[in-house]
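Trainee: Could you take me through the ligand site, and then through the parts of the fold that you would look at next? I would like to follow along on the screen.

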Amino acid sequence: SEAETAKRLAAYRAVDKNIDFENHRIIGIGSGSTVVYVAERLGQYLLDPKYKPFVEKFICIPTGFQSIQLILDNGLQLGSIERNPVIDIAFDGADEVDTNLQLIKGGGACLFQEKLVSTSSKKFIIVADYRKWSPTSLGVKWTRGVPLEVVPSAYVRVKSDLINKLNCKKVVLRQGGSAKAGPVVTDNNNFILDADFGPIKDPKSLHVQLKLLLGIVETGLFIDNADIAYIGNSDGTVLIAP
Ligand code: DER
């Protein structure tokens with residue numbers, strides 16, 4: 001599809017332009033469908049005799065179970081953030097990117113480990129297709145609400161606080177649907193609440209207010225974290241922001 005082509009374009013370009021084969025060793029690998037192409041591209045370099053000596057030394061840090069699969073399926077070395085708390089460069093997708101490179105993430109319910117990796121990385125690269133790019137504000141392209149990782153026993157309290165203290169319009173406990181009866185359980189054994197605030201004028205302030213609510217482990221607002229975004233367009237071009 002057009003979006004898949006755009007995802008692959010952005011991901012390949014991001015890897016080709018940002019991996020320093022000699023100096024990078026610890027590589028953060030995100031979650032979702034776009035970062036699949038980042039792992040795929042690294043796997044291609046691994047098969048190239050010229051690059052193999054460098055890529056086989058890469059230690060790839062996952063952001064959840066899907067990310068672990070991605071690393072293993074592409075023949076890359078799997079590491080842990082406990083063993084490698086400082087990451088050289090990390091790649092991940094996003095649900096929405098604004099012109100200040102503020103992000104909404106968490107569509108794939110992996111936001112906690114994603115933020116642990118992205119904020120532990122010296123360089124953080126976003127790869128996405130054109131549907132995620134929001135030249136105005138966050139909460140315009142991604143309209144399913146800000147994903148929040150919450151402690152399961154606290155979800156009713158958090159929902160009430162979101163509505164009564166932060167004037168959230170709509171809060172939904174994310175369900176597994178046909179994949180799993182009942183709520184989605186994250187790789188950290190938590191629930192996800194999707195909190196719809198509409199267009200978000202000041203994502204940094206909202207993030208701080210959310211973090212003060214008892215029961216919220218982490219938010220899907222990634223503030224002042226991404227360094228570069230590669231946005232694949234349907235016409236084959238790639239927008240690089242900033
Ligand atoms: O969960 C996440 O934050 C993922 O990065 C995700 O939302 C991006 O997913 P996609 O690359 O499949 O659109």
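Mentor: Happy to. The space that the ligand takes up is the largest pocket, and please keep in mind that this is a predicted model. Around the ligand there are 15 residues, and the closest of them are Ser 33, Thr 34, Asp 95, Gly 108 and Lys 132. Sorted by class, this shell has 8 polar residues, 5 charged ones and 2 nonpolar ones.

Now zoom in on the oxygen atoms of the ligand. Ser 33 places a polar side-chain atom 2.5 Å from a ligand oxygen. Asp 95 also has a polar side-chain atom by a ligand oxygen, at 2.6 Å. For Lys 105, an N or O atom of the side chain is 2.9 Å from an oxygen atom of the ligand. As for how covered the ligand is, taken alone it exposes 350 Å², and the protein buries 91% of that.

Let us turn to the strands. One open sheet is made of 4 strands, in the order E8-E5-E6-E13, with mixed pairing. Strand E8 (133-134) and strand E13 (221-222) are its edge strands, each pairing on one side only. Strand E5 covers residues 96-98 and runs parallel to E8, with 2 bridges joining the two. To find this pairing on screen, pick Asp 98, whose bridge partner in E8 is Ser 134.

While you are in this sheet, have a look at the loop that leads from strand E6 (103-104) to helix H5 (111-118), since Ala 109 lies there. Ala 109 is not a glycine, yet its phi is positive, at about 65°.

There is another open sheet, with 7 strands in the order E3-E2-E1-E4-E7-E14-E15, and its pairing is mixed. Strand E3 (77-78) and E15 stand at the edges with a single partner strand each, so each has one side without a neighbour in the sheet. Further in, 3 bridges join strand E4 (residues 89-92) to strand E7 (residues 124-129), and these two run parallel. Here you can select Ala 90, which has Phe 124 as its bridge partner in E7.

Finally, follow the chain past strand E15 (238-241), because there is one more detail to see. The segment after this strand holds Pro 242. The peptide bond joining Ala 241 and Pro 242 is cis, with an omega of about 10°.

Methods:
Residues are numbered from 1 along each chain as its sequence is written. This is a predicted model: local features need pLDDT of at least 70, side-chain atom pairs count only at pLDDT 80 or more; totals for chains, interfaces and linings use all residues. Side-chain values use heavy atoms; hydrogens and water are left out. A residue is near a molecule or strand if one of its heavy atoms lies within 4 Å of it. A polar contact is a pair of N or O atoms within 3.5 Å; within protein, one must be able to donate a hydrogen and the other to accept it, and residues adjacent in sequence count only if both atoms are side-chain atoms. Accessible areas come from the Shrake-Rupley method with a 1.4 Å probe; for residues, only the protein chains shown count as cover. On a 1 Å grid over the protein atoms alone, a cavity is a set of points where a 1.4 Å probe fits but cannot get out, and a pocket is an open set with protein on both sides within 12 Å along at least five of seven lines; lining residues have an atom within 4 Å of a point. A molecule sits in a cavity or pocket if more than half of its atoms lie within 2 Å of its grid points. Ala, Val, Leu, Ile, Met, Phe, Trp, Tyr, Cys and Pro count as nonpolar, Asp, Glu, Lys and Arg as charged, and the others, Gly among them, as polar. Two strands pair if DSSP finds at least two bridges between them.
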